[in-house]
Structure formats: C-alpha cells, structure tokens
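Hi everyone, thanks for coming. I'll take a few minutes to walk you through one protein, so please have a look at the screen.

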Amino acid sequence: MISVVIAGRIGDRHHESAICHLATHLVTRIAACMRTGQPYALRDVDDTPITEAEGRAIVKARYKIDPRRRENVRYKRMRERRKQAAGQESQGSRCAPTGRPAKTKPTSRQVA
C-alpha cells in the first residue's frame, strides 16, 4: 500500500493556495498508486492503517482551527483591505489632476 503523510501547516495563506498545495500532493499519490497498481490506503501520521471514520475523527481532533484564531485572521485581512481602499491614490482618477503641486522647474534647457 502507498501512502504519504502531509505534515505541516499552511498558515495565513489564501485558501486557494492551500487547495493547490494539497492537490499537488494528491496527484502525486494517485500517480504512485497507478504506477504500482496498488490501491490507496489511508494511514495515520505514524503510518498505521486507519478507516475513513477514524481519519475523519483524527482530522477533527488534531487539525481544527480555533474560532478565535480564524476571526483574528479575518479581522486583519479586512483591516488591510479597508486601509488600501481608503488610500488617496486608490480613489483618484487617472485622468484627473492630482492633489500634488505641479513641477515648476523646466525639464530641459531649451528656451521657447
């Protein structure tokens, strides 16, 4: 039986990044099973064979994110988005004049 254990944490990355990371591992597992002609076997982190129900219980017990941590990350992201949206540069039109003073020095030495 072929199995690979993914140990580590994704951290505060975007969920699509996590999905892509896990997908590459799953594709590697599927390819290995197809190459060897063996069925995929669920295993614990210490390489013990487990059932699907045991696997779900392990994930629920070990890898659940604390609701306060999740809310903290969500709050930080929203605060950063609000800062970016409230910036003066992000609200200005590209064609409209800026609030900055115009350059008064000539750019070349030619006299008209």
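Before we start, one term: a residue is called buried when its relative accessible area is under 20%, exposed when that value is over 50%, and partly exposed in between. And keep in mind that what you see is a predicted model.

Okay, so how many of the residues count as buried? Of the 112 residues in this protein, 10% do. The protein exposes about 10500 Å², and 56% of that comes from carbon and sulfur atoms.

Now the overall layout. There are four helices here and zero strands, so to speak an α-α-α-α pattern when you read along the sequence. What about contacts? If you take the ones between residues at least 6 apart in sequence, 50% of them join residues at least 24 apart.

Let's zoom in on helix H1, residues 15-36. With 22 residues at 1.5 Å each, H1 should span 32 Å, and its end C-alpha atoms are indeed 32 Å apart, so the two agree. Which residues of H1 are buried? They are Ala18, Arg29, Ala32 and Cys33. These four cover an arc of only 100° around the axis, so they sit on the same side of H1. Over on the other side of H1 you'll find exposed residues, including Glu16, Ile19, Val27 and Arg35.

Stay with H1 a moment longer. Ile30, which lies in this helix, belongs to a nonpolar surface patch together with Leu26 and Met34. Together those three have about 340 Å² of accessible area. And right after H1 comes Gly37, with a positive phi of about 75°.

Next stop: the loop between H1 and helix H2 (52-62), which is where you find Asp47. Asp47 has a positive phi too, about 70°, although it's not a glycine. Is Asp47 buried, exposed or partly exposed? Its relative accessibility is 45%, so it counts as partly exposed.

Asp47 also has a partner. Its side chain meets that of Arg43 in a salt bridge, at 3.8 Å from N to O. Arg43 is partly exposed as well, since its relative accessible area is 24%.

Why would two side chains pair up like that? Side chains of opposite charge can pair when their charged atoms come close. The cut-off here is a side-chain nitrogen of Lys or Arg within 4 Å of a carboxyl oxygen of Asp or Glu. By that rule, the count is five salt bridges.

Let me show you two more of them, in helix H3, residues 67-86. What distance separates the closest N and O atoms of Arg74 and Glu71? It's 2.8 Å, in a salt bridge. Arg74 and Glu71 are three residues apart in H3, so about one helical turn separates them. Arg74 is partly exposed, with a relative accessible area of 43%, and Glu71 is partly exposed with 43%.

Further along, Glu80 and Lys83 form a salt bridge at 3.9 Å, N to O. Both lie in H3, three residues apart, about one turn of the helix. Now compare how open they are. Glu80, at 43% relative accessibility, counts as partly exposed, whereas Lys83, with a relative accessible area of 55%, is exposed.

That's my tour, thanks for listening!

Methods
Residues numbered from 1 in each chain as written. Predicted model: local features only at pLDDT ≥ 70, side-chain atom pairs only at ≥ 80, totals over all residues. Heavy atoms only, no water. Expected span 1.5 Å × (residues − 1). Buried < 20%, exposed > 50% of the residue type's maximum accessible area, 1.4 Å probe, protein only. Arc of directions from axis to C-beta. Patch = residues over 30% accessible without salt bridge, like charges linked within 9 Å, V, L, I, M, F, W, Y side chains within 5 Å. Areas by Shrake-Rupley, 256 points an atom, 1.4 Å probe, with all protein chains shown as cover. Contact = heavy atoms within 4.5 Å.
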